[in-house]
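Me: Please pick one part of this model and go through it closely. I want its surroundings, its contacts and its local geometry in one connected account.

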Amino acid sequence: MQTTRPAMRMEAGEAAPPVGAGGRPGGGWGKWVRLNVGGTVFLTTRQTLCREQKSFLSRLCQGEELQSDRDETGAYLIDRDPTYFGPILNFLRHGKLVLDKDMAEEGVLEEAEFYNIGPLIRIIKDRMEEKDYTVAQVPPKHVYRVLQCQEEELTQMVSTMSDGWRFEQLVNIGSSYNYGSEDQAEFLCVVSKELHSSPHGLSSESTRKAKVPVRTLPDPSLSLQ
């Protein structure tokens, strides 16, 4: 039965290390180190892993009281998510945090804390705090509506408002129309709704439909007898 080995990732521009007996890299404590992170093999240099002297990776490749199993190729076995290990390794290579647009910073932070990479932890936390501050500084937007209704409709209209609409002001505009034997007082009712912006600039209420009762107004061009 054939077994499929995990894909290997290598640093650009560098050749693979020589392989000795048993499939392990030759040369003992040589330049190259294989890491099998959650089933994905990463190939990097000992110098890269030792950039942060207090990190788990530095202690691992220096053999400081850390016991780690190896796979059949001699790669250190690390039971962590390989998705977030790429940015960790690249940070050790060039000192910059580079993330794909769909990658969660929280996930990379979790791994940075596991590997104990102090500078990377501080960078991610600063970025997350900056985003939270930016979102918090965006003032909410207000949408206003002016509704016309009769006196007998006021209670029903105010009690049936929903989805965040709030009563603001009531203006008596007198009676413009005569219905039957009695004049019906007309009012303008001002209502408002607060819309909070999300981190992507879209209103958090943009997908909701407002439920504010609106009465169809008579055509002022028609005269009532």
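Reply: Helix H3 is largely enclosed by the rest of the structure, because 7 of its 10 residues are buried. Buried means under 20% relative accessible area, exposed over 50% and partly exposed in between, with a 1.4 Å probe and protein chains only. The buried residues of H3 are Phe85, Gly86, Pro87, Ile88, Leu89, Phe91 and Leu92. Helices (H or I, at least four residues) and strands (E, at least two) are DSSP runs, numbered from the N terminus.

The model is predicted, so local features need pLDDT of at least 70 and side-chain atom pairs pLDDT 80 or more, while totals for chains, interfaces and linings use all residues. Numbering starts from 1 along each chain as its sequence is written, and side-chain values use heavy atoms, without hydrogens or water.

H3 spans residues 85–94 and H4 residues 105–115. Their axes come within 9 Å and cross at roughly 60°. Axes are lines fitted to C-alpha atoms, for helices over the stretch in contact, and angles run from 0 to 180 degrees between N-to-C directions. H3 and H4 are therefore oblique to each other. Under 35 degrees would count as roughly parallel, over 145 as roughly antiparallel and 65 to 115 as roughly perpendicular; the rest is oblique. The crossing of the two helices is right-handed. That is, the near helix is turned clockwise from the far one by less than a right angle; anticlockwise would be left-handed.

Now the ends of H3. Just after H3 comes Gly95, with a positive phi of about 80°. On the other side, a loop runs between strand S4 (76–78) and H3, and Arg80 sits in this loop. Asp81 lies in the S4–H3 loop too. Asp81 is partly exposed, at 32% relative accessibility. What is the C-alpha to C-alpha separation of Asp81 and Gly38 in space? It is 5.6 Å, although the two are 43 residues apart in sequence.

Arg80 leads back to H4. It forms a salt bridge with Glu111, with 2.9 Å between the closest N and O atoms. The pair links distant parts of the chain, since Glu111 is in H4, 31 residues from Arg80. A salt bridge here is a side-chain nitrogen of Lys or Arg within 4 Å of a carboxyl oxygen of Asp or Glu. The two partners differ in cover: Glu111 counts as buried at 5% relative accessibility, whereas Arg80 counts as partly exposed at 23%. The whole structure has 5 salt bridges.

H4 has more of them. Glu105 meets Arg127 in a salt bridge, 3.1 Å from N to O. Glu105 lies in H4 and Arg127 in H5 (residues 118–136), so this contact ties together parts 22 residues apart in sequence. Glu105 also forms a salt bridge with Lys131, at 3.6 Å between the closest N and O atoms. Lys131 is in H5 as well, so this pair ties H4 to H5 across 26 residues of sequence. Glu105, Arg127 and Lys131 thus make up a network of salt bridges. Is Glu105 buried or exposed? It counts as buried, at 8% relative accessibility. Both H5 partners are partly exposed: Arg127 at 32% and Lys131 at 49%.

What else is buried in H4? Besides Glu105 and Glu111, the buried residues are Gly107, Val108, Leu109, Ala112 and Tyr115. An α-helix has 3.6 residues a turn, so residues three or four places apart point the same way. Glu113, also in H4, is partly exposed at 38% relative accessible area. Glu113 and Phe56 are 57 residues apart in sequence, yet 9.8 Å apart in space, C-alpha to C-alpha.

H4 is followed by Asn116, whose phi is positive, near 60°. Asn116 is a residue other than glycine. It lies in the loop between H4 and H5. At 40% relative accessibility, Asn116 counts as partly exposed.
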